[in-house]
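This briefing covers nonpolar packing, salt bridges and one surface position in a single model. The topics are taken in that order.

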Amino acid sequence: MTARRRMRLMRRGGKLAVAVLGVLLLVLLTAVPAFAADRWTDITDMEWAQTYKITADEAASVAEGYPDGSFRPQQDVTRGQFAKMAVDGLGLTTTHPLSPTFSDVPRDHIFYIWVEGGVKAGIISGYSDNTFRPSNTIARQQCNNILGAFLSGRELETCGGIQGALGVYPTLAAWFAAEGEALLGQFADGSAVVDVTVRAPLIWFCVVWCLEHRRIEQVPHAR
């Protein structure tokens, strides 16, 4: 074999090696998925899954976060924000009536359609002065009151009664009188519930329902 022929073969071999290497790199780059960035800058997608047992996408379906890319998980939730979370999270319909229900939630308010959707669904109410106070921090009993109104209404609609530990009751008030009031009395601050005749049954029904259906996990309290 002449020296010129050997040089031609070496060049061909070099070109083939480069081509094979290029193909291998392409296969590797397409076969190994890139790690997706976390949805928000101040809480990782893994933390949503490990701590709260939901995905970041599921969280985003009811809470969008802030324009700067943060979620601010330790920040207090307002009544307006929770109205949106509840209506979207429970699959309820938003609405935009011509006349506002509350004097402090006008038609151009950012949470107007969610607040009005919650009112129409019967899960949201305001104060005696006809205000909703959307910027106020929502209390735990208010959250449970909203969720309890939805859950008890759904159970009455689908089952025809409220299933308790001792029987089935025709109304939420009947269930609370027979079982709920004693359960609420186990807590040192149970008497602090505002409007015991209305809020307490809804609040405690929500807690009992969630515990029985394993919807409440042991998660850290907001700081």
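In this predicted model, the largest nonpolar core contains 19 residues. Phe-82, Val-105, Val-115, Ile-123, Ile-124, Phe-132 and Ile-146 have the most contacts inside this core. At least two of its residues come from each of helix H4 (79–89), helix H5 (112–121) and helix H6 (140–159). The greatest share is from H6, which gives five residues.

**Nonpolar cores**

- Leaving aside residues up to four places away in sequence, Ile-146 touches Phe-82, Ala-86, Ile-123, Ile-124 and Ile-138.
- Of these partners, Phe-82, Ile-123 and Ile-124 are, like Ile-146 itself, among the residues with the most contacts inside the largest core.
- Another core, of nine residues, lies apart from the largest one. Its members include Trp-40, Ile-43, Ala-60 and Phe-71.

**Salt bridge between Lys-84 and Glu-64**

- The structure has five salt bridges. One of them joins the side chains of Lys-84 and Glu-64, with an N to O distance of 3.9 Å.
- This pair links distant parts of the chain, its members being 20 residues apart. Lys-84 belongs to helix H4, whereas Glu-64 sits in the loop between helix H3 (56–60) and H4.
- Lys-84 has a relative accessible area of 9% and is therefore buried, the cut-off being under 20%.
- Glu-64 is exposed, because its relative accessible area is 59% and the threshold for exposed is over 50%.

**Other salt bridges and the network**

- Arg-72 pairs with Asp-68 in a salt bridge whose closest N and O atoms are 3.2 Å apart. Arg-72 has 33% relative accessibility, so it counts as partly exposed.
- Asp-129 and Arg-133 form a salt bridge, and their closest N and O atoms are separated by 3.2 Å.
- Both partners of that bridge are partly exposed: Asp-129 has a relative accessible area of 43%, and Arg-133 has one of 31%.
- Glu-64, Lys-84 and Asp-88 are joined into one network by salt bridges that share partners.

**Lys-120**

- Lys-120 is located in helix H5, one of the helices that supply at least two residues to the largest core.
- Is Lys-120 buried or exposed? Its relative accessibility is 69%, so Lys-120 counts as exposed.
- Between the C-alpha atoms of Lys-120 and Thr-101 the distance is 9.9 Å. Along the chain, these two residues are 19 residues apart.

Notes:
Residues are numbered from 1 along each chain as its sequence is written. This is a predicted model: local features need pLDDT of at least 70, side-chain atom pairs count only at pLDDT 80 or more; totals for chains, interfaces and linings use all residues. Side-chain values use heavy atoms; hydrogens and water are left out. A nonpolar core is a set of buried Ala, Val, Leu, Ile, Met, Phe, Trp, Tyr and Cys residues joined through side-chain atoms within 4.5 Å. Buried means under 20% relative accessible area, exposed over 50%, partly exposed in between (1.4 Å probe, protein chains only). Helices (H or I, at least four residues) and strands (E, at least two) are DSSP runs, numbered from the N terminus. Contact means heavy atoms within 4.5 Å. A salt bridge is a side-chain nitrogen of Lys or Arg within 4 Å of a carboxyl oxygen of Asp or Glu.
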